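Visitor: I should like to go through this assembly with you, beginning with its symmetry and ending with a single residue. May we have the sequence and the structure before us?

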Number of protein chains: 4
Amino acid sequence: MYSFASDYSEGAHPRILDYMKKSNLEQNAGYGSDIHSNRARDYIRGIIADPNAEIQFTSGGTQANLLVISSFLRPHQAVIAADTGHIFTNETGAIEATGHKIISVPSKEGKLTLEAIKQGLDIYSTETRPQPKMVYISNSTEFGTVYTKAELTAISNLCREKGLYLFLDGARLGSALTSRINDLSLKDIADLTDVFYIGGTKNGAYLGEAIVITRDDLKEDFRYLLKQKGAMLSKGFLLGIQFEALFEDNLFFELAEHANKMAEQVTEVLKELGYKFFAEPCSNQIFPILPNDLIKKLSEEFAFYTLGKVDDNSSVIRLVTSWATSQESIDKLIGFFRKNS
Amino acid sequence: MYSFASDYSEGAHPRILDYMKKSNLEQNAGYGSDIHSNRARDYIRGIIADPNAEIQFTSGGTQANLLVISSFLRPHQAVIAADTGHIFTNETGAIEATGHKIISVPSKEGKLTLEAIKQGLDIYSTETRPQPKMVYISNSTEFGTVYTKAELTAISNLCREKGLYLFLDGARLGSALTSRINDLSLKDIADLTDVFYIGGTKNGAYLGEAIVITRDDLKEDFRYLLKQKGAMLSKGFLLGIQFEALFEDNLFFELAEHANKMAEQVTEVLKELGYKFFAEPCSNQIFPILPNDLIKKLSEEFAFYTLGKVDDNSSVIRLVTSWATSQESIDKLIGFFRKNS
Amino acid sequence: MYSFASDYSEGAHPRILDYMKKSNLEQNAGYGSDIHSNRARDYIRGIIADPNAEIQFTSGGTQANLLVISSFLRPHQAVIAADTGHIFTNETGAIEATGHKIISVPSKEGKLTLEAIKQGLDIYSTETRPQPKMVYISNSTEFGTVYTKAELTAISNLCREKGLYLFLDGARLGSALTSRINDLSLKDIADLTDVFYIGGTKNGAYLGEAIVITRDDLKEDFRYLLKQKGAMLSKGFLLGIQFEALFEDNLFFELAEHANKMAEQVTEVLKELGYKFFAEPCSNQIFPILPNDLIKKLSEEFAFYTLGKVDDNSSVIRLVTSWATSQESIDKLIGFFRKNS
Amino acid sequence: MYSFASDYSEGAHPRILDYMKKSNLEQNAGYGSDIHSNRARDYIRGIIADPNAEIQFTSGGTQANLLVISSFLRPHQAVIAADTGHIFTNETGAIEATGHKIISVPSKEGKLTLEAIKQGLDIYSTETRPQPKMVYISNSTEFGTVYTKAELTAISNLCREKGLYLFLDGARLGSALTSRINDLSLKDIADLTDVFYIGGTKNGAYLGEAIVITRDDLKEDFRYLLKQKGAMLSKGFLLGIQFEALFEDNLFFELAEHANKMAEQVTEVLKELGYKFFAEPCSNQIFPILPNDLIKKLSEEFAFYTLGKVDDNSSVIRLVTSWATSQESIDKLIGFFRKNS
């Protein structure tokens, strides 16, 4: 049964596998200080035009999130996040396990608003509550939505005015930056945030997130944290090689764009058939609202997640495409919807 | 310059790469619940003859250590380890970062003795000190030594008598079990400890350690910890595939034996040339004591670590072989020693 | 200016001071193992008819909360609490600092409902979220309300059915148990919960909360935690002496009843004058809704907290009475209201 | 049986009790922001001639230690301490429980030496080990010894050169500063360290340590930590009143001097009788080496701790005097030694 359940079902893009094979018997330095990792760092530094950015690779998103948050906050400080944010809903208390409270505030289709951040700051303003010191956002969000340049700039300005670090979880940053409605560049992301990461795992790599720290006073000793949290791989070059392949030329963006295009075809047909969406689709995750009996039938041919009821007759499902989604599988999905609607 | 500095300089054994390639476009379940991981689990369960062993894969040794220790201990409990143990000397305080003290006791060539454990228990016996509840050993040790069946049985018996969990760090377990002086089987390891792990990273895998929990009351909810500490990979099948390849037939043991044999050749020549060793060599790490000028010359042709001075004229170095060490490189190294001694 | 802002403005009840003076030059054992602490333990064990209850004294409520929660939960486990609960709103992230998430659920006038607990269990039911393992309630609550025997029994039954520990924060337990609407005894509290504490600080002691653990498997090694968290006083007898004085005869209940009676007089007059309350008053904290200009005038003669606006013209304030509140000060307050309404 | 086992067997100096009684029915602000605490702060700031010192009161030494260390260190940083230091031997892993390793180095009669600190820095110098960032010393030490001005200056200079915070545990600072061999003033302590505390619990108070932070960049938000760790008492004025009494005039120093004088009389007699000491006595804790049969006889009339064997016939014991030790009890003790030697 074909799965639209996630963007991490397949292995790695063939070019990545080739690079791994080609370098397999090289002797490389350990712990991420090898030439592949350094080359990947240089590619990324070039794109964001910041030769001093601190870049470290880690194996997954939860690890990246807990590393960044626990490295930069003092014990009494907290991070503001949308109540739909991955750190709040999907990481088994990873952030709290490092001692920090997540101040959850209402989100708008997965996005954090200025009003919500200000509300968090208002309530958490005395020494009897943890002190907000960081804002966490994800782009694209857990509902597939993306931030516009205006929105991210406004959040960035508020954070700088209030002395808050701005941290962007980019597990699906490729998909965000190649969204049809996106107007942000990777350089904008670097300029407007203090730290962010570029997700490889969900965009063609076997595993790997590139954490990019642009704010000078946060760079110090970050590698100690990597080591302490078990995030520094002996064969760190495995991460370096993958990001080298992704950023040597345009592969990272090509793969993300492919995933978005695949989702877009499905979106268009579903709209044509009159279905609504939980949030306006614009990246590789779409959330159509479908009749329950259609969902039942769909589940006999495809794998996907059902998120919850909308009313007695219909529910929201999540369909996810990836770098590996074939036109053939999209055609089958579209065919299913046309036939059964 | 050829490196004998570590056993994690190269990528993965070609058969592993082949398996990765073969399964690359399969759609697999996420988070380690895929068929490859399950097959690997079954292979290992078969070898240790324990169909109920809880087995989870993680990406590295520090991660495995902090997961096991923080999962099983209550906040006031501590782990007894040799003062040369990896968790005490080489993990940037990873264990303490989870809240637990390491009670370090004197080691004998990297091995923990009954006397040392008892000494730890004696000193840490009141409520003003943390309560010892676990014993940590590594096999092979940080000095390349291995435990005999008699030694491990004695430690196991003491632990069971005193109500201590016994945890064996097997980052280099392959090398230990194929040592010329080894008399332990993998099944013995499983029987005598409560939890241990089988190192893939240093024995032919890109990354991966298989944590094996045999004691029933420690199995519960271990996956929650994996997720919380950022150790559960989205594409967990990457670890499963590698262990599948290592344990489907005898590859794991063959690779380790190869590494040992390579080291043995060097050992024999060094002994023949009259050099002493810091600890009697028996695995893939050897620690010869060499004249400083010979070390200097050696460093012009090979990479390796110098551990420290023995006297004014000589020092201990570490030479490490691996699954990837070629006979050719060993011949060159041996040639060097013969020529320069 | 007379303060109705808190029940911890004054020192200790004179009888407590007398006991301190009387025993001042005695030589007592340290760390809470003295005869006064033991006598206090025996008094409490007698009242709850549980000779095996584990009882330890600590200096304050936040300390008691973090001790209990961090002692009993494993790293991946969380505590369910009302979103108005003291641990969620008023302890600077003390619980999260020990690594545990608080699952906050909607409260009803400060009380937790079965529905809210079940809602928490429903959402937190997979390994991608922390595992609920404890329910935290406070009695009287942060809004001065109290649990009935039926309510507490229902929560207790649900907890036992679901394998959740039930923890009752009794910082104001005296006030709850002497409320005019209370139908619970201290023994009931002990029977229906797994652990609770009896607040001294807000009921006549200088400082001190008596943590009572009734569930056998939670008793082990609790004193290690006390010591580790800096909660074990060298002169632990200072806490023992105070609880000895409070429980030797009925003083603990007399003081709480006095505080309640003082508040009741104010409540009656405010009701007579037509004012509403944020929650039906029944203990030593009352929350009247008053016109803003009356609040302004009141603040010129008395100290108290204003909690927030109800509409454009009125706000909720908190008035707190204590063992030390005099009839004279109540008369003045009542006089103020009569004169200005 | 009279006890020389500790300096925390009795309650509080009568003047402190008087102050408590006098202010008992005052209404004071909570959480340490009352006038008594502020007055005590001003007295201490005056003595150390630092009007900007941040001063917070806490209830005990372990609490003070864990607060200071966890507040100032980042997650990967460690504290260097003597292997006899209270935080290493006597606090049930309180520091590790906040995530930080204690780098224990050899001590000289309880004192830390420059050589030992440098040795710690040498070994802990790479990213595979925690990063030393603080030095912890206690004065007087756990063996009753005291630092000279020259010694403390040398340590302070080394710390400043190496970028290490210097933290002085002054649980027995009174005894140190009134030692016959002391040449340090309280102002010297403040000038030479970054943070220290003044112990009340072991010098006449019921409970209380005054934490004094002199280094500007460590002052920020310290009260958040106090609250989070359960160290901020509702009735914080209880601590303020006691320090007010101790520092309003010379009481703090008088009480410590009394304790020292009492110990000195015992020392003189023991020396006269030919006994040796484990460390040269100079404060209120003395460690004579006595024949085992004499120790046995002594234990029938007095309480004290035996630390360990020196040889087959003799052991070290600890005798502690305090502000409450009477001349009569010293006379009895001296009488015992004269009669039995």
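Visitor: By what turn, in degrees, can chain A be laid on chain D?

Guide: This is a predicted model, in which local features need pLDDT of at least 70 and side-chain atom pairs count only at pLDDT 80 or more, while totals for chains, interfaces and linings use all residues. Residues are numbered from 1 along each chain as its sequence is written, and chains are lettered from A and ligands numbered from 1 in the order in which they are written. Copies are superposed by least squares on the C-alpha atoms of residues with pLDDT of at least 70 in both. Chain A then fits chain D with an RMSD of 0.0 Å and a shift of 0.0 Å along the axis, after a turn of 180 degrees.

Visitor: Which residue of chain A has the C-alpha nearest that axis?

Guide: The axis is that of the turn of 180 degrees relating chain A to chain D. The C-alpha in question lies 3.6 Å from the axis and belongs to A:Arg74.

Visitor: Which element gives the largest share of the side of chain A that touches chain D?

Guide: Two residues are in contact if their C-beta atoms, placed from the backbone, lie within 7 Å, and 14 residues of chain A meet 14 residues of chain D in this way. Helices (H or I, at least four residues) and strands (E, at least two) are DSSP runs, numbered from the N terminus. Helix H3 (61–72) and helix H10 (222–228) of chain A are the elements that give two or more residues to this side. The largest share, five residues, comes from H10(A).

Visitor: What relation does the superposition of chain A on chain B express?

Guide: Chain A is superposed on chain B by a rotation of 180 degrees with 0.0 Å of shift along its axis, at an RMSD of 0.0 Å. That is the relation of a two-fold axis.

Visitor: Which element gives the most to the side of domain 1 of chain A that touches domain 2 of chain A?

Guide: An automatic or database domain assignment supplies the bounds: domain 1 of chain A covers 2–7 + 253–340, and domain 2 covers 14–251. The C-alpha centres of these two domains of chain A lie 27 Å apart. Their contact takes 18 residues from domain 1 and 21 residues from domain 2. On the domain 1 side, seven residues come from the element that gives the most, H12(A).

Visitor: How many of the twelve residues of H11(C) are buried?

Guide: At 1.5 Å a residue (times one less than the number of residues), helix H11 (residues 237–248) of chain C should span 16 Å, which agrees with the 15 Å between its end C-alpha atoms. A residue is buried if 20 or more other C-beta atoms lie within 10 Å of its own, exposed if 12 or fewer, and partly exposed in between, with C-beta atoms placed from the backbone. Among the elements covering the buried residues of H11(C) are helix H1 (14–22) and strand E8 (209–213) of chain C. The helix is mostly covered, and its buried residues number eleven.

Visitor: Is A:Gly170 buried or exposed?

Guide: A:Gly170 lies in the loop between strand E6 (165–169) and helix H8 (173–177) of chain A. Beyond its neighbours within four places in sequence, A:Gly170 is in contact with A:Asn139, A:Phe196, A:Tyr197, A:Ile198 and A:Gly199. Because 30 other C-beta atoms lie within 10 Å, A:Gly170 is buried.
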